[in-house]
Amino acid sequence: MKTIIVGFGFIGRDLVRVINEKRDIITKYDRNFKLVGVSNSKGYIYNEEGLDLEKLLKIKNLSEYGKNYKDNGSSLELIQKSNADLMVEATPTRIQDGEPGLSYIKKALNIGIHVVTSNKGPLVVAFQELSALAKKNNCEFLFEATVAGAVPIFSLVRECLQGDKVKRISGILNGTTNYILSKMYFEETSFELALKEAQERKISEKDPSYDVDGIDAACKLVILANALMDRNAKFEDVERLGIRGITQNAVSLAKKSKFAIKLVGTIDKKLEVAPKLVPINHPLCVHGTLNAVHVETDLANEITIIGYGAGKETVSAVFNDVLTVLKKAKTTA
Ligand SMILES: NC(=O)c1ccc[n+]([C@@H]2O[C@H](COP(=O)([O-])OP(=O)(O)OC[C@H]3O[C@@H](n4cnc5c(N)ncnc54)[C@H](OP(=O)(O)O)[C@@H]3O)[C@@H](O)[C@H]2O)c1
């Protein structure tokens, strides 16, 4: 399978490292797997014979790769010319319009290229359209890393709960707010101090609103609702309240009654992100940067999975999606 990676930052690079290290697993499904192209915002590298992964991992800028580099070459051009079978898309998230990932994914699916993405933007904006396009063109469209990072919630439901009906989902879907609330809970710090430390430790952006106002968690709820509960949810449908108003006093009072305040996303009749009192012995009561997703289904009743929602563990979700595409292609060949 010929593969390209569009967006060569933290995720794209880490995927190349893992592809290089776990070549034996890839070979089990596809002996002809080749990474033929990689792009970022400045250009792309393309070689139909396959790229040298060791060399790729050593360079800082794609231009250092040498003669296969096309300066200013667009990712759309790479997608078109590569004749690839699979595109991994890992460009920055823009929830306003899903770009640039939305155009890349549409382009790939339109010409029959399977897609694996870690980018929430395109799914928040156009989940139904992209799913329909994938179906029409017999393409896989996988997005495990978009919600709760390394936590395999979509694979769990798709593979292990395929006969269940998902009735309700709740989750701790944002590691930054969970870190802040955990710090307030365990160290009795104020919201402001906990946020400052999260920023110093690069767990939060300089502009923290995307996390602390619940925007990131709301995006993830929309994706979960559409992918797992057949909804046609939009970002605007989510009732959203962040954690800026949570005081140390409120956290302490809750703690005395054996509760923790957590930013919980819930999909029930409505979609809601809001601070909630979670009993300390409830499986959703995870701390630090951990994420947790709790699904309630007709047959299994309740299942919770917990894991890392961002950072170096995320490559697990992307790599396993790639393997799923290779495995399915092998069984249908
Ligand atoms: N990092 C995580 O832990 C994590 C976890 C889950 C999901 N995600 C999602 O995964 C995606 C990638 O994350 P990341 O951490 O790898 O981001 P990143 O380090 O910022 O990398 C983004 C890459 O996309 C490239 N890019 C930007 N604009 C582009 C354009 N118009 N066309 C082509 N390439 C473009 C950047 O190129 P330049 O360097 O040239 O700008 C860079 O190579 C994001 O949507 C993120 O939300 C990340």
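This tour moves through a predicted model, from its domains to its ligand.

**Domains**

Begin by colouring the chain according to its assigned division. Select residues 2-149 together with 313-332 for domain 1, and residues 166-308 for domain 2. The C-alpha centres of these two domains are 29 Å apart. Next, display the residues where the domains meet: domain 1 contributes 13 residues to the contact, and domain 2 contributes 17 residues.

**The ligand and its pocket**

Now select the ligand and show a surface for the protein. The ligand occupies the largest pocket. Then expand the selection to the residues within 4 Å of the ligand. This shell holds 22 residues, and those that come nearest are Ser41, Lys42, Thr91, Tyr104 and Gly311. Colouring the shell by class gives nine nonpolar, 11 polar and two charged residues.

**Polar contacts**

Keep the ligand in view and inspect its N and O atoms in turn. Start at Tyr104, one of the residues that come nearest to the ligand. A polar atom of the Tyr104 side chain is 2.7 Å from a ligand nitrogen atom. Move next to the backbone of Ile11, where an N or O atom lies 2.8 Å from an oxygen atom of the ligand. Finish with Gly9: a polar backbone atom of Gly9 is 3.1 Å from an oxygen atom of the ligand.

To close, return to the ligand as a whole and compare its surface with and without the protein. On its own the ligand has 900 Å² of accessible area, and the protein covers 73% of that area.

How values were computed: Residues numbered from 1 in each chain as written. Predicted model: local features only at pLDDT ≥ 70, side-chain atom pairs only at ≥ 80, totals over all residues. Heavy atoms only, no water. Polar contact = N/O pair within 3.5 Å; in protein donor to acceptor, adjacent residues only side chain to side chain. Areas by Shrake-Rupley, 256 points an atom, 1.4 Å probe, with all protein chains shown as cover. 1 Å grid on protein atoms, 1.4 Å probe; cavity = no way out; pocket = protein on both sides within 12 Å on 5 of 7 lines; lining within 4 Å. Sits in = over half its atoms within 2 Å of the grid points. Nonpolar A, V, L, I, M, F, W, Y, C, P; charged D, E, K, R; others polar. Domains from an automatic or database assignment. Contact = heavy atoms within 4.5 Å.
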